[in-house]
Amino acid sequence: MSIAIRNIKAVFKRELTAYFTSPIAYVIIVIFLLMAMGFAFWIGNLWDFGDASLTWTFFFYLPFFFVVLAPAVGMRLWSDEHRDGTIELMLTMPIEPWHAILGKFLASAVVWAVALLFTWPIVWTIQYLGDPDMGPVLSGYLGAFLYASSCVAITMAISAFTRSQVTCLIISVALCLALTLIGYPQIVDQLMKMFPAGVVDTIADFSLMSHFLDMTKGVLVFRDLLYFLSVIVVSLVITSIAIRAKRA
């Protein structure tokens with residue numbers, strides 16, 4: 001095993017253990033499940049809507065949960081290191097910053113993978129009630145995971161600049177919400193009345209929501225995957241720049 005993989009694995013195990021040996025992961029997962037299930041069955045009227053793809057009864061609401069809860073998962077990733085003074089110790093160790101960054105990010109992504117896995121009873125429900133096309137469902141789950149991971153990566157980048165978890169949470173929620181709303185169908189419709197279609201389409205192309213909704217329809221387009229991966233990579237690069245600046 002190479003040194004890089006060993007270092008990433010060590011940081012990953014440390015962070016994942018920290019999540020599940022404290023109430024953080026459990027509280028966030030329970031809140032997420034209550035909100036997701038509640039909106040799907042009562043607000044989204046899953047029983048009556050007849051939406052076997054889950055696009056409008058389940059997936060449509062997830063971005064608004066991720067906007068708040070994903071930053072709650074990621075806000076501690078570097079803010080805690082700043083507050084406790086352990087970042088200075090970490091930076092003096094024979095470990096590259098990107099090893100720690102990747103390990104921390106993967107641990108937080110696993111928390112969301114677990115949270116989404118626990119919503120699978122919704123899929124069992126629609127399978128019991130009918131014969132759904134699993135293509136949109138699976139691509140929707142992939143999009144949901146990438147959405148949550150993107151919000152966590154954005155939060156990690158902001159966390160690298162501040163020792164205050166509250167400050168990190170507020171800025172991250174605001175930024176993730178902005179990236180969500182600029183692709184929200186109703187807001188896009190309003191923008192169409194004020195700006196040329198080309199301008200609105202360009203703005204919407206930067207939205208997490210618009211790329212996610214495409215994936216929930218079973219349209220697994222490379223540009224949507226590339227968009228989410230780009231958001232994650234750019235956020236991690238910004239994190240690396242911030243951490244390396246402290247190391248200099």
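## The nonpolar core

A nonpolar core is a set of buried Ala, Val, Leu, Ile, Met, Phe, Trp, Tyr and Cys residues joined through side-chain atoms within 4.5 Å. Keep that in mind as you look at this structure, which is a predicted model. Its largest nonpolar core has 70 residues, and those with the most contacts inside it are Phe32, Phe58, Leu62, Phe66 and Trp112. Helix 9, spanning residues 134–159, supplies the largest share of this core, with 12 residues.

Phe58 is a good place to start exploring. Setting aside neighbours within four places in sequence, Phe58 is in contact with Ala36, Ala40, Thr119, Ile122 and Tyr141.

## Helix 8 and its two sides

One of those partners of Phe58, Ile122, takes us to helix 8, which covers residues 121–129. Here Ile122, Val123, Thr125 and Ile126 are buried. Looking down the axis of helix 8, you would find its buried residues within an arc of 155°, so they line one face of the helix.

Now turn to the other side of helix 8, where Trp124 and Tyr128 are exposed.

## Helix 9 against helix 13

Let us return to helix 9 and meet its partner, helix 13, made of residues 208–216. The two axes come within 7 Å and cross at roughly 160°. Angles over 145 degrees count as roughly antiparallel, and helix 9 is therefore roughly antiparallel to helix 13. On the helix 9 side, the contact is made by Pro136, Ser139, Gly140, Leu142, Gly143, Ala144, Leu146, Tyr147, Ser150 and Cys151. Helix 13 brings Leu208, Met209, Phe212, Met215 and Thr216 to the contact.

Is Ser150, a residue of helix 9, buried or exposed? Ser150 is buried, with a relative accessible area of 0%; the cut-off for buried is under 20%. Apart from neighbours within four places in sequence, Ser150 is in contact with Leu208, Phe228, Val231 and Ile232.

## Helix 11 against helix 12

Our last stop is another pair of helices. Two packed helices are described by the angle between their axes and the distance between the axes. Helix 11 (residues 185–194) packs with helix 12 (residues 197–205) at an angle of about 150°, and their axes are 8 Å apart. Helix 11 and helix 12 are therefore roughly antiparallel to each other, and helix 11 passes helix 12 in a right-handed crossing.

Which residues of the two helices meet? Helix 11 offers Val188, Leu191 and Met192, and these meet Ala197, Val200, Asp201 and Ala204 in helix 12.

Key:
Residues are numbered from 1 along each chain as its sequence is written. This is a predicted model: local features need pLDDT of at least 70, side-chain atom pairs count only at pLDDT 80 or more; totals for chains, interfaces and linings use all residues. Side-chain values use heavy atoms; hydrogens and water are left out. Buried means under 20% relative accessible area, exposed over 50%, partly exposed in between (1.4 Å probe, protein chains only). Helices (H or I, at least four residues) and strands (E, at least two) are DSSP runs, numbered from the N terminus. Contact means heavy atoms within 4.5 Å. The arc is that of the directions from the helix axis to the C-beta atoms. Axes are lines fitted to C-alpha atoms, for helices over the stretch in contact, and angles run from 0 to 180 degrees between N-to-C directions. Angles under 35 degrees count as roughly parallel, over 145 as roughly antiparallel, 65 to 115 as roughly perpendicular and the rest as oblique. A crossing is left-handed if the near helix is turned anticlockwise from the far one by less than a right angle, and right-handed if clockwise.
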